[in-house]
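Here are my notes on the model you sent round, point by point. Have it open while you read.

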Amino acid sequence: MSLNLFIAVACVVAAILLTVATVRFFFSARQPQTQAAFTDQPADAHASAGDTLRTRRSDNHKSIELLTRQLVVSAILTLLVLLPTLVRALYPNAVPNWLVDPWVQAIIITPVMFYGGAPIHIDGWDALLRRMPNMNSLASIGTIAAYAYGILVCLFEGALPQPMREPYFEVTGVIVTLVLFARWAVDMWLPRRPASPLQERVDRVSRVWVPITILIALWTFVCWLIFGAQPSFTRALLMGISVLIIACPAALGWAAPLSVGAALDDAQRYGMTVRTASALQQAKDTSAVLVARELAPRAEQAIAQLSGTGVAVAKVDARRADEAVRALAERRANGATVMFIGDGSEDVRVRDAADIAVACVALDNPEAAPIHADVIAAPTDYACALKLIRLSKATMRNIRENLWWAFIFNLVGIPLAAGVLYPFAGWVLNPMLACVAMILSSICVVLNAVRLRHCKLDGAW
């Protein structure tokens, strides 16, 4: 034991008190106040660098421009720090010393931390205070820890042992860039759409995962502080930071938006424009499809094919709006997820009465169409219901795979970062390796989402 008994006991008591306080704060019975996913802003509203997930609107052109600048600046500056570090690790004499000087790296990465990372920090800490931690909460804590350690190295480099003089500024840049990219993907792939209900599953996981990760990092720090070799404080700090970095849920943040983006592209290839992400989520559960009678003579084959899947199919006279609305309401009242397929001429109340409304219309620009519908399909594509159901199932399966990958990665990576192998093999995972592992995890999520682009939506069921 590297600390005397009194200090060790004090550290344990402090950690216990912090643990109890954290559990009570995040998991108490009192429900936290919720907040809308977006605060409505006029299109010409001023976009500031601190705009967060709830104040930035995906249809605000200035906000998207700002986010793009933040992402580009963060990516370029991060590469200026990351590439020399990686090359130096492989070829020690190939990089001039000044390129990897801690103060130079601090100057380069500071704009990433405070300009690019502004929406991450504001949103993350606001979510923490509301007891609804999200991906940004853990990302903010991880970047603050890595950046603070880097500044510590700059100020007291001579007092630290040689193996612990690595500032890890590149870690800060990588985390900020990956999280900004996840947000950029949402804005670019899901314009003019409400916040995706698909993200709710990720949010629920984050609300539990973030506090647990914070506690693991806390106890990792305490255990290394008490039992680690000297200098125990510096080593304990590094191990705690490694846990926060490897658990940074960049892959978790990408799980839904990348899959949804790939699915939207898939829908376009098959002649459909999906205008609400909720349609992607609900279509897989479709148990009843009501088709406007005006379409039926030209859609008998698609209706027969749909009936063969076990989905109940019926025709409804959409010109009689009240009767059509009642028919849809009765199906929904019996617990069915109902899809309505019309030609866009029916009363908007008919489409509103369905869980998923599909309009088969000829439009030059379906995205800008005034027709109120979840999905716009070609006027001759009466098999669109089959395609939408199949796409929904593939999308949700892809998201579940992404979430499971992120979970398994953290299940393996966090114990390694905490140093469970050190007593047996003398091996620890430093923050740089934790950062590389996090990047590889994110790449796996990207590759899995890309698989959706090869999803077959036509052919036999």
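1. A cut-off to start with, since the next point leans on it: a residue is called buried when its relative accessible area is under 20%. Keep in mind, too, that this is a predicted model.

2. With that in hand, look at strand β4, residues 337–342. Which residues of β4 are buried on each of its two sides? On one side they are Thr337, Met339 and Ile341, and on the other Val338, Phe340 and Gly342, so both faces of the strand are covered. In a regular strand the side chains alternate between the two faces of the sheet. Six of the six residues of β4 are buried, so the strand is largely enclosed by the rest of the structure.

3. What sits to either side of β4? Strand β2 (residues 286–292) is joined to β4 by five bridges, and the two run parallel. One register point to check on screen is Val289, whose bridge partner in β4 is Met339. Strand β5 (residues 356–360) also runs parallel to β4, with four bridges between them. There, Phe340 has Ala357 in β5 as its bridge partner.

4. Stepping back to the sheet as a whole: it is open, has six strands with mixed pairing, and reads β1-β6-β5-β4-β2-β3. At the edges are β1 (272–274) and β3 (312–316), each of which pairs on one side only. Ignoring direction, neighbouring strands are turned by 20° against each other on average. Helix α11 (residues 300–307) packs on this sheet and touches β2 and β3, with its direction at about 145° to that of β3. Helix α14 packs on the sheet as well, touching β1, β2, β4, β5 and β6 (375–377), and its direction makes about 140° with that of β4.

5. Helix α14 deserves a second look. It spans residues 384–418 and includes Asn398, which is buried at a relative accessible area of 3%. Setting aside neighbours within four places in sequence, Asn398 contacts Ser259, Asn448, Ala449, Arg451 and Leu452. I'd click through that set one by one.

6. Ala417 is in α14 too. Is Ala417 buried or exposed? Its relative accessibility is 0%, so Ala417 counts as buried. Not counting residues up to four places away in sequence, Ala417 touches Met239, Ser242, Val243, Ile246 and Leu429. Leu244 is 173 residues from Ala417 in sequence, yet their C-alpha atoms are 8.8 Å apart.

7. Away from the sheet strands, have a look at helices α3 (residues 102–116) and α4 (residues 118–129). Their axes come within 5 Å and cross at roughly 45°, and the two helices are therefore oblique to each other. From α3, Met113, Phe114, Tyr115 and Gly116 meet Ala118, Pro119 and His121 of α4. By class, that contact has five nonpolar, two polar and no charged residues.

8. Finally, the overall numbers. The protein chain has 16 helices and six strands, and 51% of its 461 residues count as buried. Among contacts with a separation of 6 or more, 71% link residues 24 or more positions apart. The chain exposes about 21,000 Å², and carbon and sulfur atoms supply 65% of that area.

Notes:
Residues are numbered from 1 along each chain as its sequence is written. This is a predicted model: local features need pLDDT of at least 70, side-chain atom pairs count only at pLDDT 80 or more; totals for chains, interfaces and linings use all residues. Side-chain values use heavy atoms; hydrogens and water are left out. Buried means under 20% relative accessible area, exposed over 50%, partly exposed in between (1.4 Å probe, protein chains only). Contact means heavy atoms within 4.5 Å. Accessible areas come from the Shrake-Rupley method with a 1.4 Å probe; for residues, only the protein chains shown count as cover. Axes are lines fitted to C-alpha atoms, for helices over the stretch in contact, and angles run from 0 to 180 degrees between N-to-C directions. Angles under 35 degrees count as roughly parallel, over 145 as roughly antiparallel, 65 to 115 as roughly perpendicular and the rest as oblique. Ala, Val, Leu, Ile, Met, Phe, Trp, Tyr, Cys and Pro count as nonpolar, Asp, Glu, Lys and Arg as charged, and the others, Gly among them, as polar. Two strands pair if DSSP finds at least two bridges between them.
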